[in-house]
Amino acid sequence: MPNLSLADLSAEIDANVRRALLEDVGSGDITAQLIPAERLAKATVITREACVISGTAWVDAVFRQLDPRVAVHWHVIDGQRATADQTLFHLEGPARSLLTGERSALNFLQLLSGVATHVRHYVDLVADTSVRLLDTRKTLPGLRLAQKYAVTCGGGHNHRIGLFDAFLIKENHIAASGGIAQAVAAAHRIAPGKPVEVEVESLDELSQALDAGADIIMLDELSLDDMREAVRRTAGKAKLEASGGVNETTLRDIALTGVDFVSIGAMTKDVKAVDLSMRLSL
């Protein structure tokens, strides 16, 4: 599946930001009213730790929706590595608006940069191999596209976006359909041209999926020896994706088996937000 780009996300970003501002600002920022409405200010946002940047468009959208008079001046771009204490961007505009938008803007930037940073860590572990790392649907509700975009900023790749853009036939689908062959045949009949992926738990099931014409075969927690054998048997007739039991200590060995993809739910599920700080000056 193709990776998400900002061009795909304009409406999604605006919707994400509208919800965030409604959640945070509600009927109005009462604390900001302590500051005279005419007072102008500047602000600097830094990162307190090394990270990979993602989410600049969400920050822009926060201040564009909140107050178009606010100017955002970036010193970094998405996908760029930043060092601890590095300045990420400057703000200029009404002091009230800078303070009101601070939390929503930084929430997006710290979360998405956290995803990108986590992904880059995994990508770096296998940078000398040909494997591609894929995300999953294990995302925060309402922020799937944002997180999947952040995955690409970290050097990872997008799996299917949801249940609508590709088939992923798992154990229960196979059982309910009467077998792998029946499930794959039905998928080709229901939506010709949509990618068909089958999850297998043994080399015997791998052979069934190959015979059925699956485009991608997910090797679910197979041993390293079985993965290598799966690569030999498949011989390019389908793409192979390894899944399950993938972590920092197992990833490299899995990549070296020769599989095409490794999917890692932790890239979007187990994420620590980057520590950011904003300082205001009048």
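1. A quick word on terms to start: a residue counts as partly exposed when its relative accessible area lies between the buried range, under 20%, and the exposed range, over 50%. Lys269, at 47% relative accessibility, is therefore partly exposed. Please keep in mind that this is a predicted model.

2. Lys269 has a partner right beside it in the numbering: a salt bridge joins Lys269 to Asp270, with 3.1 Å between the closest N and O atoms. Asp270 is likewise partly exposed, since its relative accessibility is 41%.

3. Now to the overall tally: the model holds eleven salt bridges. Side chains of opposite charge can pair when their charged atoms come close.

4. You may like the pair formed by Glu92 and Lys42, whose closest N and O atoms are 3.9 Å apart. This salt bridge links distant parts of the chain, as Glu92 belongs to strand S5 (residues 87-94) and Lys42 to strand S1 (residues 40-47), 50 residues apart. Glu92 has a relative accessible area of 33%, so this residue is partly exposed.

5. Helix H8 is worth a look too. Glu229 and Arg233 form a salt bridge there, and their closest N and O atoms are 3.0 Å apart. The two residues sit four apart in helix H8 (residues 224-234), so about one helical turn separates them. Arg233 is partly exposed, with 31% relative accessibility.

6. One more thing to check on screen: which residues are linked with Arg232 in a network of salt bridges? They are Glu229 and Arg233, so the pair from the previous point belongs to that network.

Methods: Residues are numbered from 1 along each chain as its sequence is written. This is a predicted model: local features need pLDDT of at least 70, side-chain atom pairs count only at pLDDT 80 or more; totals for chains, interfaces and linings use all residues. Side-chain values use heavy atoms; hydrogens and water are left out. A salt bridge is a side-chain nitrogen of Lys or Arg within 4 Å of a carboxyl oxygen of Asp or Glu. Buried means under 20% relative accessible area, exposed over 50%, partly exposed in between (1.4 Å probe, protein chains only).
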